[in-house]
Amino acid sequence: MATEADAPVIPLLTPYKMGNFNLSHRVVLAPLTRMRSYNNVPQPHAVLYYSQRTSPGGLLISEATGVSDTAQGLVHTPGIWRKEQVEAWKPIVNAVHAKGGVFFCQIWHVGRVSSPVFQPNGQAPISSTDKPLKQNGIEEAQVTPPRRLRTDEIPHIVNDFRVAARNAIKAGFDGVEIHGAHGYLLEQFIKDKVNDRSDGYGGSLENRCRFALEVVEAVVKEIGAERVGVRLSPFTEHAECGDSDPKALGLYLANALSKYNILYCHMVEPRMKNALEVVECPHSLMPMRKAFNGTFISAGGYDRKDGIDAVAKNRTDLVAYGRLFLANPDLPKRFGQDAPLNKYNRENFYTHDPVIGYTDYPFLE
Ligand SMILES: Cc1cc2nc3c(=O)[nH]c(=O)nc-3n(C[C@H](O)[C@H](O)[C@H](O)COP(=O)(O)O)c2cc1C
């Protein structure tokens, strides 16, 4: 008679030790903006949403969460710079911990992907540049021309990230993920098709990465390297943010991050043209995976088979799932049983209903 012990091992569902965290499997909840945090305050309905997606020993990364009052560009995205926001996160984090999950808070600043309606005193959004996005609007965002940050203002933004990280720990999160991907503020400095500065934060690769690495350094000093992850997408051109040599950029950052001994590096696959669109691509993340000395998380366009393959062939340690996890709260269990998956409904990714398209995706039973 076949017993459980005879069942084939599924590499994606094997345990993994990530720093001090004992993960029971490698299926990670990718950061997913859901725009249901009214007036930038996380809401009680997020308790159910995140706890539905928690499994014992599973890693969850929160939706992108603003570091300051200049960081927003989309309506009803959460923040973590005010006390009220920190307090509102606490029950959500507690619910994830109660079910044995490990929870990281993704912290961001959108930079130029914003407009005066989201800014204090109706001021222009800030960026590395004063070049506007050519298309008026990506996804749900309305954008207006940014104001180039002065060199002397940059330390203040670094400090906002530091304080946000401290607040995340106060709220009970296990750590933070610094959002250095998808064309937001950090990438607006990192990538040469946007950064047109002539000060110490523009020009060479080293200069362009300076701001992001100053943020990493400040956050590491504040909460400890063992609680810090960074998300990068050297190959995407999301929000018109591209680079002329993404491989060199990815490698430079993987090596630079290794020096800080941060917990993880979370990279978006080169096949992602932007945050959501998959294209044919000859590149891989292998050079970056080899260069980075901590845990490596890959994301973008993964299904069950692809995730199993990537872990089996040691191309990554963990795989983050976005749309499939959004629509399947019990995704690790479904992968374990090779059960059918719910289809995601793109129409309510970013709507504000506290239930529909949010907490109403069915479980297996
Ligand atoms: C609704 C939605 C919201 C997203 N919000 C974020 C976000 O807040 N931060 C981020 O880094 N990526 C965000 N992404 C990108 C996802 O984390 C992920 O990289 C992307 O969906 C590709 O992975 P997938 O093919 O598994 O969905 C978002 C994607 C979707 C579909």
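Is M288 buried or exposed? In this predicted model, M288 is buried, because its relative accessible area is 0%, and buried means under 20%. That makes a good starting point for a walk through the structure.

M288 is found in helix 7. Setting aside residues up to four places away in sequence, M288 touches F235, K247, G250, L251, A254, M267 and F296. If you would like a sense of distance, look for W108: M288 and W108 are 180 residues apart along the chain, and their C-alpha atoms are separated by 22 Å.

Several of those partners lead us to helix 6, which runs over residues 246–259. Helix 6 has 14 residues and reaches 20 Å from its first C-alpha to its last, close to the 20 Å expected at 1.5 Å a residue. Its buried residues are P246, L249, G250, L253, A254, A256, L257 and S258. What covers them? Among the elements that cover the buried residues of helix 6 are helix 7 (286–291), helix 4 (185–190) and helix 5 (205–223). Strand 10 (228–232) and strand 11 (264–268) belong to that cover too.

Just past this helix comes a small surprise. N261, which follows helix 6, has a positive phi, near 55°. Most residues other than glycine have a negative phi. N261 lies in the loop between helix 6 and strand 11. A second residue to look at here is M35, where phi is also positive, near 55°, in a residue other than glycine. You will find M35 in the loop between strand 3 and helix 1. M35 counts as buried because its relative accessibility is 3%, and the cut-off for buried is under 20%.

The loop between strand 3 (27–29) and helix 1 (45–52) also holds N39. Is N39 buried or exposed? N39 is exposed, because its relative accessible area is 58%, and exposed means over 50%. Not counting residues up to four places away in sequence, N39 touches H76 and R82. The C-alpha atoms of N39 and T129, which are 90 residues apart along the chain, are separated by 28 Å.

Now turn to S62, in the loop between strand 4 (59–61) and strand 5 (65–66). S62 counts as buried because its relative accessibility is 0%. Leaving aside neighbours within four places in sequence, S62 is in contact with P31, L32, Y50, W89, F103, F104, C105, Q106 and F173. One of these, Q106, deserves a second look: the side chain of S62 reaches the backbone nitrogen of Q106 at 2.9 Å.

Q106 brings us to the ligand. How many residues surround the ligand? There are 19, and the closest are T33, Q106, R231, G301 and R323. The shell divides into ten nonpolar, seven polar and two charged residues. An N or O atom in the side chain of Q106 is 2.8 Å from a nitrogen atom of the ligand. Backbone atoms take part as well: an N or O atom of the A64 backbone lies 3.2 Å from an oxygen atom of the ligand, and one of the G322 backbone lies 2.9 Å from a ligand oxygen atom. Taken alone, the ligand exposes 610 Å², and the protein buries 96% of that.

Conventions: Residues numbered from 1 in each chain as written. Predicted model: local features only at pLDDT ≥ 70, side-chain atom pairs only at ≥ 80, totals over all residues. Heavy atoms only, no water. Near = heavy atom within 4 Å. Polar contact = N/O pair within 3.5 Å; in protein donor to acceptor, adjacent residues only side chain to side chain. Areas by Shrake-Rupley, 256 points an atom, 1.4 Å probe, with all protein chains shown as cover. Nonpolar A, V, L, I, M, F, W, Y, C, P; charged D, E, K, R; others polar. Helix = DSSP H or I, 4+ residues; strand = E, 2+ residues; numbered from the N terminus. Expected span 1.5 Å × (residues − 1). Buried < 20%, exposed > 50% of the residue type's maximum accessible area, 1.4 Å probe, protein only. Contact = heavy atoms within 4.5 Å.
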